[in-house]
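Here are a few short exercises to work through with the structure open beside you. Try each task before reading its solution.

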Amino acid sequence: MSSIEHNAENSPHILVLGMGGTIAGLAAKPEENPLQYEAGQVEVSSLLAQIQSVIPGGIELVSRQVANINSRNLSEGLLSQLGESVRESLSNTWVQGIVVTHGTDTMEETGVFLQLTCGKLAQDLGKRVIITGAMLPANAPKADGPSNLLDAIRWASTPLDNCPGGVYAVMDGRGCLAMDLAKRHGTALNAPIQASPSSSVGLINPSWLSGVKAVQEAWTADLPIPKGDDWPWVEILTSHAGARSETITHWLGSKVKGLVLAGSGMGGFHDAWRESLVAAVKHGIALVRTTRTGAGTTWQDIPEKDLVGCMASGTLSAPRARIALQLAIYAEKQAKLVGKSLTWQDFFARIAVLPEIR
């Protein structure tokens, strides 16, 4: 029999960390309109109790509530708290794998954060961290949370023969590397990984896992996790018709440390920004350029040569590029404290051109 008991902590188990979100939401009138609901209302232990009867035998579960929020309100401090919990739990010999229940609105930020701060540790220890959530609240007639949670638990506990340890995500029977998460649809059940390079199959068949993208050994070290107040201030700005230079110069007198430029097409930004961006670099503001289209790769020096000090985001969407830039700026600060002359560009380049296998 499977069990969901906190006294299982001193025996091999899958740890389920609750962050809230729609999967833990409740609709006032679920039969009439399940999309009118309040997120983060159900404890993760209750979510597990709902699927206890169908959890495969031999899997012990332990749950822990990290937060219970609407994920649109995710804070950097909560990211730090979750990251430290994941690191600590991965190092616990009793923990065989970790599942994180999370709201889909900011799941992509958490995905890239956990990959960049915990991915190498998970890979080295041969353990999987699986992020999952739901698009319908827990009391909706056709709630998708229970099946997503069950798939995540199965994946977290599956032997490593076909898919290495690391940080992944699963929704609606589809899985991907957590770093590939990008919510590109408002209501589709597979919205967070709808357009990612993932496979659509049932997770019951372990042979499918070999088709999920994984990180190569070139990923040599996890980035440090900032403390709650140490996160660098980074904003996202979108280029559009009629863009004004003031959009950039507005930030020159602030304490902002970086700007992610969501450009049009292949990541180009309005000519009205150019001079003010040069000024931003002189002010010590880090610049990363990505595309507002939501998909595709942003290449360095394409469609034209980049400004000195500006980097391209690769496949990272603007929200993921922002997290990556924050971590890169923080990593530069920590490197300087130990006498290393690494820049944020050094760290960001390692993220944006991360080698991958399929």
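## Exercise 1: Salt bridges within one helix

In this predicted model, Asp124 and Lys120 form a salt bridge whose closest N and O atoms are 3.3 Å apart. Find where the two residues lie, and decide whether each is buried or exposed.

**Solution.** Start with the helix: Lys120 and Asp124 are both part of helix α3, four residues apart, or about one turn of the helix. Next, check accessibility. Asp124 has a relative accessible area of 52%, so it passes the 50% cut-off and is exposed. Lys120 has 9%, which is under 20%, so Lys120 is buried.

Now try the pair Lys336 and Glu332, with closest N and O atoms 3.1 Å apart. Both lie in helix α7, four residues apart. Lys336 is exposed at 54%, whereas Glu332 is buried at 14%.

## Exercise 2: A salt bridge between two helices

Which parts of the chain does the salt bridge of Glu108 and Arg320 tie together?

**Solution.** First, confirm the pair: the closest N and O atoms of Glu108 and Arg320 are 3.7 Å apart, which is within the 4 Å limit for a salt bridge. Then place the partners. Glu108 sits in helix α3 (residues 107-125) and Arg320 in helix α7, so the bridge joins parts that are 212 residues apart in sequence. Finally, look at burial: Glu108 is buried at 8% relative accessibility, and Arg320 is buried at 2%. The count for the structure comes to seven salt bridges.

## Exercise 3: The nonpolar cores

Find the largest nonpolar core, and work out which helix gives the largest share of this core.

**Solution.** The largest core has 83 residues, and those with the most contacts inside it include Val86, Val99, Leu325 and Trp344. Helix α7 (residues 318-337) supplies the largest share, ten residues. A second, separate core has 16 residues, among them Val256, Phe269 and Cys310.

For a closer look, take Val99: beyond its neighbours within four places in sequence, its contacts include Ile14, Val16, Ile130, Leu149 and Ala156.

## Exercise 4: Cysteines and confidence

How many disulfides are found, and where does pLDDT stay under 50?

**Solution.** The search of the whole structure gives zero disulfides. As for individual cysteines, Cys118 is buried at 0% relative accessible area, and Cys310 is buried at 4%. Turning to confidence, the average pLDDT is 88, and 87% of the residues score at least 70. It stays under 50 over residues 194-208. The pLDDT is also below 50 over residues 214-218.

Definitions and conventions. Residues numbered from 1 in each chain as written. Predicted model: local features only at pLDDT ≥ 70, side-chain atom pairs only at ≥ 80, totals over all residues. Heavy atoms only, no water. Disulfide = S-S within 2.5 Å. Buried < 20%, exposed > 50% of the residue type's maximum accessible area, 1.4 Å probe, protein only. Core = buried A, V, L, I, M, F, W, Y, C linked by side-chain atoms within 4.5 Å. Contact = heavy atoms within 4.5 Å. pLDDT = per-residue confidence, 0-100. Salt bridge = Lys/Arg side-chain N within 4 Å of Asp/Glu carboxyl O.
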